[in-house]
Amino acid sequence: MSEVAGKVVVITGASSGLGEATAKMLAEKGAKLVLGARREERLKQLVDDIKNSGGEAIYQTVDVTKRSEVEALADAARNEFGRIDVLVNNAGLMPLAPLDELKVDEWDQMIDVNIKGVMYGVGAVLPTMREQHAGHIINLSSVAGHVVFPGATVYCATKYAVKAISEGIRQESNGEIRSTNISPGAVATELTDHISHKDSKEMADDLYNDAIDSDSIARAITFAIEQPGEVDVNEMIIRPTKQEL
């Protein structure tokens, strides 16, 4: 039997891209899914698709910048399935621009979603995982959490933070909670759609010409979950073969 089968998996940012692909893949392997995102229509359709294919899933709208909503998502998982085995902290934003543009609102937004949203997820599931003496937290960082790119300083800073959070979870796990940091390169998602700075958008679009599909990252997430309990896959960097940085 797959190590995924029967596990209760909470996924943020589940309405599209990596979150949606991961939900579908884990559902096929028998996971019980609790899906959160802001777009209810997309979530409802995804849950319907999973159920129509014989899978188990529920959804709840959630804005990860609101701690109460993230905690409500974890509560929904416990109420429906009685436990939380895995959290996939996937929600994230990438509005790139040079620092000189002083897009402070976008800085705040990235910090709120990419860092505080991740921490709210950790805080929402950690007590349950401690009670269970078992759990797995998977955080989506980025290649930008390993290399700083001009025009992406704040985004890179948030993704370096996610990498640090992942390592901190590992060190503080007391052998109970697995921690996986996954760092995608260019992946075909909606991540570049909200870049307001013209030159940064053109740079990102050029990089993303060779983007790999979301299933590439879903397979990596699935691989980490599939390992036996005593095996902790801590770090994966996954790029298009043609991506240099």
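Select His-136 and Arg-178 to begin: in this predicted model, Arg-178 of strand S6 is the bridge partner of His-136. Widening the selection to both strands shows that S5 and S6 run in the parallel sense and are paired over 6 bridges.

Stay with S6, residues 177-184, and colour its residues by accessibility; 8 of its 8 residues are buried. In a regular strand the side chains alternate between the two faces of the sheet, and it is worth displaying the two sets separately. On one side of S6 you will find Ile-177, Ser-179, Asn-181 and Ser-183, and on the other Arg-178, Thr-180, Ile-182 and Pro-184, with both faces covered and every one of these residues buried.

Next, return to His-136 and look across S5 towards S4, where Val-86 stands opposite His-136. The two strands, S4 and S5 (residues 135-140), run parallel and are joined by 4 bridges. His-136 thus offers a convenient place from which to view Arg-178 in S6 and Val-86.

Now select S4 itself, residues 86-89, and show its side chains: Val-86 and Val-88 lie on one side, Leu-87 and Asn-89 lie on the other, and all four are buried, with both faces of the strand covered. Which residue of S4 is the bridge partner of Ile-11? It is Val-88, and the strands concerned, S1 (residues 8-12) and S4, run parallel with 3 bridges joining them.

From the end of S4, follow the chain into the loop that lies between S4 and helix H4 (104-132), and stop at Leu-96, which is found in that loop. Is Leu-96 buried or exposed? Its relative accessible area is 6%, so Leu-96 counts as buried. To see what surrounds Leu-96, select Gly-151, Ala-152, Tyr-155, Ile-195, His-197, Ser-200, Met-203 and Ala-204, which are the residues it touches once those up to four places away in sequence are set aside. A distance label drawn from the C-alpha atom of Leu-96 to that of Ala-5 should read 38 Å, for two residues that are 91 residues apart along the chain.

One of the residues touched by Leu-96 is Ser-200, and this is the next selection, placed in helix H6 (residues 198-207). Ser-200 counts as buried because its relative accessibility is 5%, which falls under the 20% cut-off. Leaving aside neighbours within four places in sequence, Ser-200 is in contact with Leu-96, Ala-97, Pro-98, Gly-151 and Ile-195. Gly-151 and Ile-195 are worth keeping on display, since they appear among the contacts of Ser-200 and also among those of Leu-96.

Finally, clear the selections and show the whole chain as a cartoon, in which 7 helices and 7 strands can be traced, following the pattern β-α-β-α-β-α-β-α-β-α-β-α-α-β along the sequence. The C-alpha trace spans about 50 × 40 × 35 Å along its principal axes, and the radius of gyration of 17 Å agrees with the value near 18 Å that a compact globule of 245 residues would have. Of the contacts between residues at least 6 apart in sequence, 70% join residues at least 24 apart, while buried residues make up 51% of the chain. If you switch to a surface view, about 11400 Å² is exposed, 48% of it supplied by carbon and sulfur atoms. Colouring by charge picks out 25 positive and 38 negative charges, whose mean positions are 3 Å apart.

Technical notes: Residues numbered from 1 in each chain as written. Predicted model: local features only at pLDDT ≥ 70, side-chain atom pairs only at ≥ 80, totals over all residues. Heavy atoms only, no water. Rg over C-alpha atoms; globule rule 2.2 N^0.38 Å. Buried < 20%, exposed > 50% of the residue type's maximum accessible area, 1.4 Å probe, protein only. Contact = heavy atoms within 4.5 Å. Areas by Shrake-Rupley, 256 points an atom, 1.4 Å probe, with all protein chains shown as cover. Lys, Arg positive; Asp, Glu negative; His and termini not counted. Charge placed at Lys NZ, Arg CZ, Asp CG, Glu CD. Pairing = 2+ DSSP bridges.
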